[in-house]
2 protein chains.
Amino acid sequence: MTSKYQVIKQAIKSKILEGTLAPHQKLSSENDMIKEYGVSRHTVRLAIGELANEGWLYKVQGSGTYCADRSKTKSLRQPNNNIAIITTYISEYIFPSIIRGAESYLSKHGYNVTIFNTNNDYNQEKQVLEIILTGNYAGVIIEPTKSSSASPNLHLYLSLEREMIPYLMINAFYHELEPTTIVLDDEKGGFIQAEHLIKLGHRDIVAIFKTDDMQGSKRLKGFIKAHRMYDIPINTSNIISYNTQNRYSKPVEKLEALLDSNMQTPTGIVCYNDQLVLELLDVLRKRDLQVPRDISIVGYDDSSLSEVSEVKLTTVKHPKSKMGYEAAQLLVEMIKNRNGSGKKSTESIVYEPELFIRTSTKRVGKFQEELLEGKFESPIGSK
Amino acid sequence: MTSKYQVIKQAIKSKILEGTLAPHQKLSSENDMIKEYGVSRHTVRLAIGELANEGWLYKVQGSGTYCADRSKTKSLRQPNNNIAIITTYISEYIFPSIIRGAESYLSKHGYNVTIFNTNNDYNQEKQVLEIILTGNYAGVIIEPTKSSSASPNLHLYLSLEREMIPYLMINAFYHELEPTTIVLDDEKGGFIQAEHLIKLGHRDIVAIFKTDDMQGSKRLKGFIKAHRMYDIPINTSNIISYNTQNRYSKPVEKLEALLDSNMQTPTGIVCYNDQLVLELLDVLRKRDLQVPRDISIVGYDDSSLSEVSEVKLTTVKHPKSKMGYEAAQLLVEMIKNRNGSGKKSTESIVYEPELFIRTSTKRVGKFQEELLEGKFESPIGSK
DNA sequence: TTTTAACTTTCGTACGTACTATTAATTATA
DNA sequence: TATAATTAATAGTACGTACGAAAGTTAAAA
């Protein structure tokens, strides 16, 4: 009746109930128990296997078997395999790739992916975070809303931390939180966009960036840095910034105004992303300005759009779906570590931007490129 | 990664979810399973042991292993506000819009949206459906996998019905199920694509369609119907069909072969979607064929891509995000009616396709258009 | 026909071996 | 000193064998 494994099981259970085994305390290894109880490994595994099933123990492969913290499971939290992804705008041409990357990893590891959308609006961000806090989520991947300024919802992110729900931010982050992040080095990205044109001899370059998210303002910063580095003055009217609300009107209007003014036509344009480039190409076509003959233009993201037009875009590579995939990996890691001991802050990932040179840019003038080439090293990314 | 016992476990679980194994039905004995799966008894026991632990099976020593009756434990389901959306491929340029449309309605009505992805693969479709059946979902929006043929997972859709989980299919559907659907009238869409070119005097038109989904094969059908209607013979070598696997190679290669052959260059091309058009535009550019001067081309979807190129595409309008929004509306209605009385079959929605004429098509030859114009009425859509 | 006993099937317990996957600790290397 | 490579420890998977315990089946005996 009382089989060997039952005896062992009862012995361990007693230790837990007595308090001899505290939560998260390591048990003897299977091999030690074999000697301890004088039975086979199979029998030991049978005993601790059942105890693990019943929630008394948990096992970590490669590490050991531990006493479970039953005070938590008592709060009837059912097994929790939902991951939330918060986007600003689902259809934005980059984000579906990120979602796909994340989904492919998470579904492979038994998680379900629930999508939330803030439309880059603080109010909706708040609602979403409240749903997640109320609901049952193991972790959250967040593309922050209006990331260039502080969010009024910071306290909700702190609540996530208090509830032990791991989260990480992608593409951008709120400085105040110092969260785990997965981002491009956007400042460097903006820098190499501008540097590329500068090295090709351009001196009159227009910058058009969306500045209500962190990406855009960092890219603009990189643009300015490149000019400063190469000692090229910036005409302030060459900097056009816009935001989410006026994204479909302002860039086009401003560029039209600039081109139709009696100022000299710029020789190069640097854009917030490829999508914007394609809109602006129409503006140029209407004025019979050919790319790259009359004007060079640099995009950002290396999206599918960059090879779609008659002129293939020189652009900065964005690791889209890879980013989603690795975000998912990182998050799952964070979820696992949460249960363990004090092993906390997971390292953030910063991708180095990379320029893809296609046919939308060309050399102009006869500047002394020799002097420029190799004279300066790229000053960013040395941290 | 997927160990032997996991495979067996999954196989048995599938049988239960399909209904092949009814509650209290006896399973094969351990010894039979050993032969059945070609593994050791230990492995079989590991599989059925875990399933018993998880409540799928129960065992009676000396008698056998039986399928558990889960209907009882299930009745205490917590309130349920999750909606699943099953896509074939998240990044496909149309689907993010559909998701956005659905998400905007569902989040407004207190539902959370969980995204699943099949990669147009039956196996993954099966896994996803099993997760949904096991999990806690109020309804499902499905873009069917490989919709032009019957799915091997039909029984799982029937299980959805048995579990009273409303679902509807979007873009396409499996004929066998007669589900509630939200689709475009793709046959008519293909018809008006072809009709447009025919009315512009084209007689030598190439059709390039993806035919492993229902949309493509219906559009092709419409293409053929238009030719028959206007008594125009079809050169069979003008019909190029491809599928999900070879979508990035076959269409381009086939068109190149056709253009480089010594046959007369066709005057028009009708495409499965806008994305394909843009790929093919590169092929034409390489051969100095200008659109629409030398060749007219018609797309499908009226996607953002249609206004991106130097030539703006004539294309068929696809109500993308509206479709997602109305799918969500319909599904929520179905969920509400489910509890109510016998008010059952919700009406499906079929959108009428609409041609957007831009600048990628032009009139050719001097055919007697007068004779054609108005002589025929559009023959489809009168049902 | 009923009862009993023997036999068979089935799951349960228990031993052993071997290899893999993951983690942690150690050592070597820069 | 910090990093990389190696090694050791630990749980996971998988094969095998053997016998016990409970249930079901069959056949003989009352």
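How do the residues of the surface near DNA strand D divide into nonpolar, polar and charged? In this predicted model, the split is 3 nonpolar, 13 polar and 6 charged.

Start with that strand. DNA strand D is surrounded by 22 residues. A:Glu30, A:Arg41, B:Lys4, B:Ser40 and B:Thr43 are the closest. Sugar and phosphate make up 70% of the strand D atoms that come within 4 Å of the protein. Two side chains illustrate the phosphate contacts. B:Ser40 places a polar side-chain atom 3.0 Å from a phosphate oxygen of DNA strand D. For A:Thr65, the distance from a polar side-chain atom to a phosphate oxygen of this strand is 3.2 Å. A base is also reached. There, a polar backbone atom of A:Gly62 lies 3.5 Å from a base oxygen of DNA strand D.

Both protein chains build this surface. Chain A supplies at least two residues from each of H3, strand E1 (57-60) and strand E2 (64-67), and chain B does so from helix H1 (4-18) and H3. H3(B) gives the most, with 3 residues.

Now turn to DNA strand C. It has 22 residues around it, and A:Lys4, A:Thr43, A:Gly62, B:Glu30 and B:Arg41 come nearest. Of the strand C atoms within 4 Å of the protein, 68% belong to sugar and phosphate. A:Ser40 has a side-chain N or O atom 2.8 Å from a phosphate oxygen of DNA strand C. A:Tyr5 brings a polar side-chain atom to 2.9 Å from a phosphate oxygen of this strand. A:Gln61 addresses a base instead: a polar side-chain atom lies 3.1 Å from a base nitrogen of DNA strand C. The elements giving two or more residues here are helix H1 (4-18) and helix H3 (41-53) of chain A, with helix H3 (41-53), strand E1 (57-60) and strand E2 (64-67) of chain B. H3(A) contributes the most, with 3 residues. By class, the surface near DNA strand C holds 3 nonpolar, 13 polar and 6 charged residues.

Leave the DNA and follow chain A to helix H9 (residues 214-229). Its 16 residues reach 22 Å from first C-alpha to last, close to the 22 Å expected at 1.5 Å a residue. Buried residues of H9(A) include A:Met214, A:Arg219, A:Leu220, A:Phe223 and A:His227. Their cover includes helix H8 (186-199), strand E8 (205-210), strand E9 (239-242) and strand E10 (268-271) of chain A. Just after the helix, A:Asp231 takes a positive phi of about 55 degrees.

Next come the aromatic rings. The structure holds 14 aromatic pairs over all chains. A:Tyr242 and A:Tyr272 form an edge-to-face pair, because their planes stand at 90 degrees with ring centres 6.3 Å apart. The pair links distant parts of the chain: A:Tyr242 is in strand E9, A:Tyr272 is in the loop between E10 and helix H11 (274-286), and 30 residues separate them. A:Tyr242 is buried, at a relative accessible area of 5%. A:Tyr272 is buried too, at 9%. In chain B, the rings of B:Tyr242 and B:Tyr272 are also edge-to-face, with centres 6.3 Å apart and planes at 90 degrees. Both of these residues are buried. Elsewhere, A:Tyr157, A:Tyr167 and A:Tyr174 form one aromatic cluster.

One last stop is A:His318. This residue sits in the loop between strand E12 (315-316) and helix H12 (320-339) of chain A. Is A:His318 buried or exposed? Its relative accessibility is 6%, so A:His318 counts as buried. Beyond its neighbours within four places in sequence, A:His318 is in contact with A:Ile94, A:Asn171, A:Leu184, A:Asp301, A:Asp302 and A:Met323.

Technical notes. Residues numbered from 1 in each chain as written. Chains lettered and ligands numbered in written order. Predicted model: local features only at pLDDT ≥ 70, side-chain atom pairs only at ≥ 80, totals over all residues. Heavy atoms only, no water. Near = heavy atom within 4 Å. Polar contact = N/O pair within 3.5 Å; in protein donor to acceptor, adjacent residues only side chain to side chain. Helix = DSSP H or I, 4+ residues; strand = E, 2+ residues; numbered from the N terminus. Nonpolar A, V, L, I, M, F, W, Y, C, P; charged D, E, K, R; others polar. Expected span 1.5 Å × (residues − 1). Buried < 20%, exposed > 50% of the residue type's maximum accessible area, 1.4 Å probe, protein only. Contact = heavy atoms within 4.5 Å. Phe/Tyr/Trp six-rings, centres within 6.5 Å; stacked < 30°, edge-to-face > 60°.
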